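Work through the exercises below with the sequence and the model side by side. Each task is followed by a solution in steps.

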Amino acid sequence: MSSASVLFKRELALAWGGGGGPLLACGFFACLTTVVPLAAGGDPNVLKPVAAGIAWLALALSSLLSLERLFERDLEDGALDLLATGPLPLEAVFAIKAISQWIATGLPLALTAPVAALALGQSIELAPLTALSALIGGLGFAFTGALGAALALGAKRGGLLIAVVVLPLFIPPVVFGSGALDRAAAGLSPLSALALLTAYVLFAAVIAPPAGAAAIRSAQG
């Protein structure tokens, strides 16, 4: 537990300090949700029906920004070799890195999501649901994003490869998350969509660590 605690604190410090931390992701999220209304003409009747989908698409794209250096910097300075031979299995190292990524980036994005959705014309009554669904979906983004970062480890143009690998995996949470908001806006219960979103996150949390650990071992040779 002490090793896990030390690694967790280290990953949080790196995530918050490297490349501007969550400010870069939140800034990109805010810029993207600002550009869309300008491009669409700012008509509320046009924006409101697609507000949930646009907000979730922006959330998914913003979650990509800090993935490239998640494992790459540790591979470059030799820290990944030390982690691989340390007391924690690589699966646990992967999970800790993903959870740290979620706390450092996913949580600030979840807090920003209701504001962005309101700017797109979404009803203020849906703000709590927007934050909750973004928080749940952000954990799925963190695990699947970390898997993409592990698969792209050591590759040239790793950022582009991560986007190609990860974006298809981001489709289910975007569909379920925006679907929950659409159902709530229509006066229906969003619980079914939230249940599917949670199931996706649990599936990612189970599958991603062993798959990511195998990818890391392959990159290390």
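**Exercise 1.** Which helices each supply at least two residues of the lining of the second largest cavity?

Solution. The model is predicted, with local features needing pLDDT of at least 70, side-chain atom pairs counting only at pLDDT 80 or more, and totals for chains, interfaces and linings using all residues. Residues are numbered from 1 along each chain as its sequence is written, and side-chain values use heavy atoms, with hydrogens and water left out.

- Step 1: list the lining, which is Ala55, Trp56, Leu59, Ala113, Thr130 and Ala134.
- Step 2: assign the helices (DSSP runs of H or I, at least four residues, numbered from the N terminus). H4 and H8 each reach the two-residue mark.
- Step 3: find the main contributor; H4 has the largest share, 3 residues.
- Step 4: sort by class, giving 5 nonpolar, 1 polar and no charged residues. Here Ala, Val, Leu, Ile, Met, Phe, Trp, Tyr, Cys and Pro are nonpolar, Asp, Glu, Lys and Arg charged, and the others, Gly among them, polar.

**Exercise 2.** Describe the largest cavity by volume, lining and class.

Solution.

- Step 1: the volume of the largest cavity is about 70 Å³, whereas the second largest has about 40 Å³.
- Step 2: on a 1 Å grid over the protein atoms alone, a cavity is a set of points where a 1.4 Å probe fits but cannot get out; lining residues have an atom within 4 Å of a point. A volume is the space filled by probe spheres set on the points, which are joined across faces, edges and corners.
- Step 3: the lining of the largest cavity includes Gln101, Trp102 and Phe141. Helices H7 (90-119) and H8 (127-151) each give at least two of its residues, and H7 has the largest share, with 5.
- Step 4: the classes are 5 nonpolar, 5 polar and no charged.

**Exercise 3.** Where does H10 bend, and by how much?

Solution.

- Step 1: H10 spans residues 191-220, 30 residues in total, and reaches 43 Å from first to last C-alpha. That is close to the expected 44 Å, taken as 1.5 Å times one less than the number of residues.
- Step 2: the bend is about 35 degrees, at Ala208, with Pro209 following within four residues. The angle lies between axes fitted to the seven residues ending at a residue and the seven starting there.
- Step 3: Ala208 and Pro209 are among the buried residues of H10 (under 20% relative accessible area, 1.4 Å probe, protein chains only).

Terms used. Buried < 20%, exposed > 50% of the residue type's maximum accessible area, 1.4 Å probe, protein only. 1 Å grid on protein atoms, 1.4 Å probe; cavity = no way out; pocket = protein on both sides within 12 Å on 5 of 7 lines; lining within 4 Å.
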